[in-house]
Amino acid sequence: MANRELADRELLHELEGVAEENVNRHLTMTKDWHPHDYVPWDDGSNFAAMGGIDWDPEQSKLSETAKAAMITNLLTEDNLPSYHREIAEHFSLDGAWGTWVGRWTAEENKHSIVMRDYLVVTRGVDPVALENARMDHMTRGFAPDGGSMLNSVSYVTFQELATRVSHRNTGKACGDPIADRMLARVAADENLHMMFYRNIVEAALDVAPDQTIAAIHKVVTDFQMPGAGMHNFRRNAVLIAKGGIYDLRQHLDDVVLPVLRKWNIFERNDFGDTGEQYREELAAFLETLEGKATHFEESRDRALAREARRGERMVAL
(Lines give C-alpha, C1' and ligand atoms only; values in the text may rest on other atoms or scores of the structure.)
Protein backbone atom coordinates (compact mmCIF):
# COMPACT_ATOMS: atom_id res chain seq x y z
CA MET A 1 0.00 0.00 0.00
CA ALA A 2 2.95 2.32 0.64
CA ASN A 3 3.25 3.68 -2.89
CA ARG A 4 -0.34 3.20 -4.09
CA GLU A 5 -2.09 6.51 -4.63
CA LEU A 6 -4.75 6.97 -1.98
CA ALA A 7 -7.93 8.98 -2.25
CA ASP A 8 -8.41 11.82 0.25
CA ARG A 9 -10.98 9.82 2.21
CA GLU A 10 -8.51 6.94 2.55
CA LEU A 11 -5.76 9.27 3.72
CA LEU A 12 -8.06 10.90 6.26
CA HIS A 13 -8.95 7.47 7.62
CA GLU A 14 -5.30 6.34 7.74
CA LEU A 15 -4.21 9.54 9.47
CA GLU A 16 -7.13 10.04 11.83
CA GLY A 17 -5.24 8.63 14.81
CA VAL A 18 -2.33 10.98 14.14
CA ALA A 19 -4.75 13.90 13.83
CA GLU A 20 -6.37 13.04 17.17
CA GLU A 21 -3.00 12.71 18.87
CA ASN A 22 -1.90 16.09 17.53
CA VAL A 23 -5.15 17.84 18.38
CA ASN A 24 -4.73 16.67 21.96
CA ARG A 25 -1.07 17.68 21.90
CA HIS A 26 -2.01 21.13 20.63
CA LEU A 27 -4.63 21.64 23.32
CA THR A 28 -2.10 20.84 26.04
CA MET A 29 0.53 23.20 24.56
CA THR A 30 -1.54 26.22 23.55
CA LYS A 31 -2.11 29.07 25.98
CA ASP A 32 -5.34 31.02 26.21
CA TRP A 33 -4.96 34.73 25.56
CA HIS A 34 -7.30 37.64 24.91
CA PRO A 35 -6.85 40.25 22.17
CA HIS A 36 -7.97 43.14 24.37
CA ASP A 37 -5.00 42.54 26.69
CA TYR A 38 -2.54 43.44 23.91
CA VAL A 39 -3.99 46.79 22.80
CA PRO A 40 -3.05 50.19 24.34
CA TRP A 41 -6.61 51.47 24.66
CA ASP A 42 -5.54 54.67 26.45
CA ASP A 43 -3.86 55.77 23.20
CA GLY A 44 -7.19 55.80 21.35
CA SER A 45 -9.44 58.72 20.47
CA ASN A 46 -12.63 59.27 18.51
CA PHE A 47 -12.70 59.76 14.77
CA ALA A 48 -14.71 62.52 13.06
CA ALA A 49 -17.97 60.56 12.99
CA MET A 50 -17.91 60.58 16.81
CA GLY A 51 -16.80 64.19 17.19
CA GLY A 52 -13.06 63.62 16.98
CA ILE A 53 -10.62 63.97 14.10
CA ASP A 54 -9.96 61.57 11.27
CA TRP A 55 -6.67 59.87 10.49
CA ASP A 56 -3.70 61.86 9.27
CA PRO A 57 -0.36 60.36 8.16
CA GLU A 58 1.46 62.41 10.79
CA GLN A 59 -0.33 60.45 13.51
CA SER A 60 1.41 57.19 12.63
CA LYS A 61 4.58 56.25 14.49
CA LEU A 62 5.31 53.34 12.14
CA SER A 63 7.95 53.36 9.41
CA GLU A 64 6.86 52.73 5.83
CA THR A 65 8.32 49.23 6.10
CA ALA A 66 6.43 48.49 9.30
CA LYS A 67 3.21 49.82 7.78
CA ALA A 68 3.62 47.64 4.71
CA ALA A 69 4.27 44.56 6.85
CA MET A 70 1.41 45.23 9.26
CA ILE A 71 -1.08 45.81 6.45
CA THR A 72 0.06 42.75 4.50
CA ASN A 73 0.01 40.51 7.56
CA LEU A 74 -3.37 41.78 8.74
CA LEU A 75 -5.06 41.44 5.35
CA THR A 76 -3.66 37.92 5.15
CA GLU A 77 -5.23 37.10 8.51
CA ASP A 78 -8.49 38.76 7.41
CA ASN A 79 -8.94 36.20 4.65
CA LEU A 80 -9.67 33.49 7.22
CA PRO A 81 -12.99 32.46 5.61
CA SER A 82 -11.09 31.38 2.49
CA TYR A 83 -8.59 29.35 4.51
CA HIS A 84 -11.36 27.80 6.61
CA ARG A 85 -13.15 26.76 3.44
CA GLU A 86 -9.96 25.26 2.05
CA ILE A 87 -9.20 22.99 5.00
CA ALA A 88 -12.87 22.19 5.64
CA GLU A 89 -13.18 20.94 2.06
CA HIS A 90 -10.09 18.74 2.29
CA PHE A 91 -10.53 17.55 5.88
CA SER A 92 -13.54 15.90 7.43
CA LEU A 93 -15.74 17.81 9.85
CA ASP A 94 -16.14 14.65 11.91
CA GLY A 95 -13.96 13.46 14.76
CA ALA A 96 -10.48 14.86 15.31
CA TRP A 97 -10.38 16.50 11.86
CA GLY A 98 -13.53 18.50 12.61
CA THR A 99 -12.25 19.46 16.05
CA TRP A 100 -9.06 20.81 14.50
CA VAL A 101 -10.86 22.77 11.77
CA GLY A 102 -13.00 24.53 14.38
CA ARG A 103 -10.21 25.13 16.88
CA TRP A 104 -7.72 26.36 14.29
CA THR A 105 -10.28 28.76 12.82
CA ALA A 106 -11.19 30.19 16.23
CA GLU A 107 -7.55 30.73 17.16
CA GLU A 108 -6.67 32.32 13.82
CA ASN A 109 -9.55 34.77 14.14
CA LYS A 110 -7.88 36.30 17.20
CA HIS A 111 -4.97 37.44 15.05
CA SER A 112 -6.97 39.77 12.84
CA ILE A 113 -8.92 41.06 15.85
CA VAL A 114 -5.86 42.09 17.85
CA MET A 115 -3.89 43.48 14.92
CA ARG A 116 -6.75 45.65 13.66
CA ASP A 117 -7.55 46.94 17.14
CA TYR A 118 -3.90 47.87 17.62
CA LEU A 119 -3.65 49.69 14.29
CA VAL A 120 -6.91 51.59 14.76
CA VAL A 121 -6.26 52.60 18.36
CA THR A 122 -2.68 53.73 17.69
CA ARG A 123 -3.61 55.23 14.29
CA GLY A 124 -0.75 53.30 12.76
CA VAL A 125 -2.34 53.21 9.30
CA ASP A 126 -5.26 54.84 7.50
CA PRO A 127 -8.32 52.92 8.79
CA VAL A 128 -10.43 53.82 5.75
CA ALA A 129 -7.80 52.54 3.31
CA LEU A 130 -7.35 49.48 5.50
CA GLU A 131 -11.07 48.70 5.43
CA ASN A 132 -11.26 49.20 1.68
CA ALA A 133 -8.31 46.84 1.25
CA ARG A 134 -9.99 44.26 3.51
CA MET A 135 -13.17 44.38 1.47
CA ASP A 136 -11.25 43.98 -1.76
CA HIS A 137 -9.00 41.16 -0.55
CA MET A 138 -11.75 39.14 1.09
CA THR A 139 -13.99 39.53 -1.95
CA ARG A 140 -11.22 38.14 -4.14
CA GLY A 141 -10.69 35.30 -1.65
CA PHE A 142 -7.83 32.86 -1.82
CA ALA A 143 -7.66 29.46 -3.46
CA PRO A 144 -4.21 27.84 -3.65
CA ASP A 145 -3.63 25.63 -6.65
CA GLY A 146 -3.97 22.54 -4.52
CA GLY A 147 -6.76 20.16 -5.32
CA SER A 148 -5.96 17.50 -2.74
CA MET A 149 -5.70 16.99 0.98
CA LEU A 150 -1.94 16.41 0.76
CA ASN A 151 -1.35 19.56 -1.28
CA SER A 152 -3.43 21.55 1.18
CA VAL A 153 -1.75 20.25 4.34
CA SER A 154 1.72 20.56 2.79
CA TYR A 155 1.02 24.16 1.81
CA VAL A 156 -0.22 25.25 5.22
CA THR A 157 2.83 23.68 6.90
CA PHE A 158 5.15 26.05 5.05
CA GLN A 159 2.67 28.94 5.09
CA GLU A 160 2.13 28.83 8.86
CA LEU A 161 5.87 28.87 9.49
CA ALA A 162 6.39 31.67 6.97
CA THR A 163 3.66 33.67 8.71
CA ARG A 164 5.31 33.05 12.08
CA VAL A 165 8.60 34.45 10.80
CA SER A 166 6.89 37.45 9.21
CA HIS A 167 4.85 38.32 12.31
CA ARG A 168 7.83 38.00 14.62
CA ASN A 169 10.04 40.24 12.51
CA THR A 170 7.24 42.74 11.93
CA GLY A 171 6.88 43.15 15.68
CA LYS A 172 10.54 44.05 15.93
CA ALA A 173 10.31 46.44 12.96
CA CYS A 174 7.48 48.42 14.56
CA GLY A 175 9.82 49.90 17.17
CA ASP A 176 7.06 49.58 19.77
CA PRO A 177 7.31 47.09 22.66
CA ILE A 178 3.52 46.71 22.67
CA ALA A 179 3.45 45.72 18.99
CA ASP A 180 6.43 43.43 19.54
CA ARG A 181 4.69 41.67 22.42
CA MET A 182 1.44 41.37 20.48
CA LEU A 183 3.00 39.88 17.38
CA ALA A 184 5.22 37.55 19.40
CA ARG A 185 1.98 36.14 20.85
CA VAL A 186 0.48 35.76 17.36
CA ALA A 187 3.69 34.14 16.09
CA ALA A 188 3.58 31.60 18.90
CA ASP A 189 0.13 30.51 17.74
CA GLU A 190 1.33 30.19 14.16
CA ASN A 191 4.20 27.98 15.26
CA LEU A 192 1.87 25.57 17.06
CA HIS A 193 -0.40 25.46 14.01
CA MET A 194 2.59 24.68 11.82
CA MET A 195 3.55 21.80 14.10
CA PHE A 196 0.12 20.19 13.70
CA TYR A 197 0.25 20.30 9.91
CA ARG A 198 3.93 19.32 9.80
CA ASN A 199 3.22 16.22 11.88
CA ILE A 200 0.33 15.23 9.64
CA VAL A 201 2.56 15.43 6.57
CA GLU A 202 5.28 13.48 8.39
CA ALA A 203 2.81 10.67 9.03
CA ALA A 204 1.54 10.87 5.45
CA LEU A 205 5.08 10.27 4.20
CA ASP A 206 5.00 6.90 5.96
CA VAL A 207 1.56 6.02 4.60
CA ALA A 208 1.98 7.21 0.99
CA PRO A 209 5.56 8.39 0.43
CA ASP A 210 5.50 8.97 -3.34
CA GLN A 211 2.15 10.70 -3.22
CA THR A 212 3.26 12.93 -0.36
CA ILE A 213 6.62 13.93 -1.85
CA ALA A 214 4.73 14.87 -5.02
CA ALA A 215 2.59 17.27 -2.98
CA ILE A 216 5.62 18.68 -1.15
CA HIS A 217 7.44 19.19 -4.46
CA LYS A 218 4.46 21.06 -5.93
CA VAL A 219 4.08 23.31 -2.90
CA VAL A 220 7.77 24.17 -2.51
CA THR A 221 8.40 24.87 -6.19
CA ASP A 222 5.19 26.90 -6.69
CA PHE A 223 4.98 28.54 -3.26
CA GLN A 224 3.24 31.88 -2.90
CA MET A 225 2.11 33.56 0.28
CA PRO A 226 -1.69 33.76 0.62
CA GLY A 227 -1.58 37.54 0.29
CA ALA A 228 -0.09 37.41 -3.20
CA GLY A 229 -3.35 38.53 -4.78
CA MET A 230 -3.90 41.61 -2.63
CA HIS A 231 -3.60 45.16 -3.93
CA ASN A 232 -0.06 46.58 -3.66
CA PHE A 233 1.32 43.18 -2.67
CA ARG A 234 4.42 43.44 -4.88
CA ARG A 235 5.29 46.91 -3.57
CA ASN A 236 4.78 45.82 0.02
CA ALA A 237 6.69 42.57 -0.51
CA VAL A 238 9.69 44.55 -1.77
CA LEU A 239 9.62 46.81 1.29
CA ILE A 240 9.23 43.79 3.57
CA ALA A 241 12.13 41.96 1.94
CA LYS A 242 14.33 45.05 1.85
CA GLY A 243 13.60 45.63 5.53
CA GLY A 244 14.63 42.10 6.46
CA ILE A 245 11.16 41.09 7.63
CA TYR A 246 10.64 38.29 5.13
CA ASP A 247 12.96 37.69 2.20
CA LEU A 248 14.13 34.82 0.05
CA ARG A 249 16.95 33.92 2.43
CA GLN A 250 14.55 33.65 5.37
CA HIS A 251 12.11 31.68 3.24
CA LEU A 252 14.81 29.16 2.41
CA ASP A 253 16.77 28.99 5.68
CA ASP A 254 14.00 29.57 8.24
CA VAL A 255 11.02 27.95 6.54
CA VAL A 256 11.70 25.48 3.73
CA LEU A 257 14.90 23.76 4.87
CA PRO A 258 13.95 23.23 8.55
CA VAL A 259 10.67 21.57 7.54
CA LEU A 260 12.31 19.35 4.92
CA ARG A 261 14.95 18.32 7.47
CA LYS A 262 12.24 17.44 10.00
CA TRP A 263 10.66 15.17 7.40
CA ASN A 264 14.05 13.60 6.54
CA ILE A 265 13.26 14.14 2.88
CA PHE A 266 16.82 13.56 1.70
CA GLU A 267 17.54 10.63 4.02
CA ARG A 268 14.45 8.48 3.42
CA ASN A 269 14.77 5.18 1.56
CA ASP A 270 11.11 4.36 0.95
CA PHE A 271 10.43 6.35 -2.22
CA GLY A 272 9.63 4.55 -5.45
CA ASP A 273 10.87 5.68 -8.85
CA THR A 274 8.34 8.51 -9.02
CA GLY A 275 9.18 9.70 -5.52
CA GLU A 276 12.91 9.61 -6.28
CA GLN A 277 12.35 11.79 -9.32
CA TYR A 278 10.44 14.35 -7.27
CA ARG A 279 13.18 14.32 -4.63
CA GLU A 280 15.89 14.93 -7.23
CA GLU A 281 13.90 17.79 -8.75
CA LEU A 282 13.35 19.25 -5.29
CA ALA A 283 17.08 19.14 -4.55
CA ALA A 284 17.84 20.92 -7.81
CA PHE A 285 15.21 23.55 -7.06
CA LEU A 286 16.74 24.22 -3.64
CA GLU A 287 20.14 24.78 -5.24
CA THR A 288 18.59 27.33 -7.58
CA LEU A 289 16.80 28.99 -4.68
CA GLU A 290 20.08 29.24 -2.77
CA GLY A 291 21.62 31.10 -5.70
CA LYS A 292 18.66 33.47 -5.94
CA ALA A 293 18.75 34.16 -2.20
CA THR A 294 22.46 34.99 -2.34
CA HIS A 295 21.94 37.25 -5.36
CA PHE A 296 19.12 39.09 -3.58
CA GLU A 297 21.20 39.62 -0.45
CA GLU A 298 24.10 41.03 -2.47
CA SER A 299 21.79 43.34 -4.44
CA ARG A 300 20.09 44.53 -1.25
CA ASP A 301 23.41 45.21 0.46
CA ARG A 302 24.57 47.31 -2.50
CA ALA A 303 21.29 49.26 -2.57
CA LEU A 304 21.43 49.94 1.17
CA ALA A 305 25.03 51.07 0.89
CA ARG A 306 24.06 53.51 -1.88
CA GLU A 307 21.23 54.89 0.24
CA ALA A 308 23.57 55.32 3.19
CA ARG A 309 26.05 57.25 1.07
CA ARG A 310 23.27 59.49 -0.24
CA GLY A 311 22.16 60.13 3.32
CA GLU A 312 25.69 61.07 4.35
CA ARG A 313 25.97 63.51 1.46
CA MET A 314 22.64 65.13 2.38
CA VAL A 315 23.81 65.57 5.98
CA ALA A 316 27.06 67.11 4.75
CA LEU A 317 25.14 69.66 2.70
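Start by selecting asparagine 232, in the loop between α8 (209–221) and α9 (233–242). Keep in mind as you click around that this is a predicted model. Check the backbone torsion here: phi of asparagine 232 is positive, about 65°, although the residue is not a glycine. Most residues other than glycine have a negative phi. Turn on the surface and asparagine 232 comes out as partly exposed, at 40% relative accessibility.

Which other loop residue has a positive phi without being glycine? Try arginine 123, with phi near 55°. Arginine 123 sits in the loop between α4 (95–122) and α5 (127–140). Buried or exposed? Arginine 123 is buried, because its relative accessible area is 6% and the cut-off for buried is under 20%.

**Zoom out**

Now show the whole protein chain as a cartoon. You'll find eleven helices and zero strands, so colouring by helix number is a handy choice here. Read along the sequence, the pattern is α-α-α-α-α-α-α-α-α-α-α.

How does the radius of gyration sit against the globule rule? For 317 residues, a compact globule would have a value near 20 Å, and the protein chain has 21 Å, which agrees. Line the view up with the principal axes and the C-alpha trace spans about 70 × 45 × 35 Å. Colour by accessibility next: 47% of the 317 residues count as buried. If you have a contact map open, look away from the diagonal. Among contacts between residues at least 6 apart in sequence, 84% join residues at least 24 apart.

**Helices α2 and α3**

Select residues 64–78 for helix α2 and residues 80–90 for helix α3. Two packed helices are described by the angle between their axes and the distance between the axes. Here the axes come within 5 Å and cross at roughly 45°. That angle makes α2 oblique to α3. To see who makes the contact, show sticks for Thr76, Glu77 and Asp78 on the α2 side, and for Leu80, Pro81 and Tyr83 on the α3 side. By type, the residues of this contact divide into three nonpolar, one polar and two charged.

Stay on threonine 76, which lies in helix α2. Threonine 76 counts as buried, at 9% relative accessibility. Which residues does it touch, leaving aside neighbours within four places in sequence? They are Tyr83, Pro226, Gly227 and Met230. Draw a C-alpha to C-alpha distance from threonine 76 to glycine 229: you should read 10.0 Å, for a pair 153 residues apart in sequence.

Now pick threonine 72, also found in helix α2. With 5% relative accessibility, threonine 72 counts as buried. Beyond its neighbours within four places in sequence, threonine 72 is in contact with Met230, Phe233, Asn236 and Ile240. Met230 appears in the contact list of threonine 76 and in that of threonine 72, which makes Met230 a handy residue to label.

**Threonine 157**

Jump to helix α6 (residues 149–173) and select threonine 157. Buried or exposed? Threonine 157 is buried, with a relative accessible area of 0%. Show everything around the side chain and you'll pick up Met194, Tyr197, Arg198, Val201, Val259 and Trp263, not counting residues up to four places away in sequence. What does the side chain reach? The backbone oxygen of tyrosine 197, at 3.4 Å from the side chain of threonine 157.

**Histidine 217**

Next, go to helix α8 and select histidine 217. This residue counts as buried, at 13% relative accessibility. Apart from neighbours within four places in sequence, histidine 217 is in contact with Tyr278, Glu281 and Leu282. Then add asparagine 151 to the selection: its C-alpha is 9.4 Å from that of histidine 217, with their positions 66 residues apart in sequence.

**Last stop: lysine 110**

Finish on lysine 110, in helix α4. Which residues does lysine 110 touch, not counting residues up to four places away in sequence? Select Trp33 and Pro35. The C-alpha atoms of lysine 110 and proline 35 are separated by 6.4 Å, although the two residues are 75 residues apart along the chain. Where does the lysine side chain meet tryptophan 33? Put a distance label between a polar atom of the lysine 110 side chain and the backbone oxygen of tryptophan 33, and it should read 2.7 Å.

Conventions. Residues are numbered from 1 along each chain as its sequence is written. This is a predicted model: local features need pLDDT of at least 70, side-chain atom pairs count only at pLDDT 80 or more; totals for chains, interfaces and linings use all residues. Side-chain values use heavy atoms; hydrogens and water are left out. Helices (H or I, at least four residues) and strands (E, at least two) are DSSP runs, numbered from the N terminus. Buried means under 20% relative accessible area, exposed over 50%, partly exposed in between (1.4 Å probe, protein chains only). A polar contact is a pair of N or O atoms within 3.5 Å; within protein, one must be able to donate a hydrogen and the other to accept it, and residues adjacent in sequence count only if both atoms are side-chain atoms. Contact means heavy atoms within 4.5 Å. Axes are lines fitted to C-alpha atoms, for helices over the stretch in contact, and angles run from 0 to 180 degrees between N-to-C directions. Angles under 35 degrees count as roughly parallel, over 145 as roughly antiparallel, 65 to 115 as roughly perpendicular and the rest as oblique. Ala, Val, Leu, Ile, Met, Phe, Trp, Tyr, Cys and Pro count as nonpolar, Asp, Glu, Lys and Arg as charged, and the others, Gly among them, as polar. The radius of gyration is taken over C-alpha atoms; the globule rule is 2.2 Å times the number of residues to the power 0.38.
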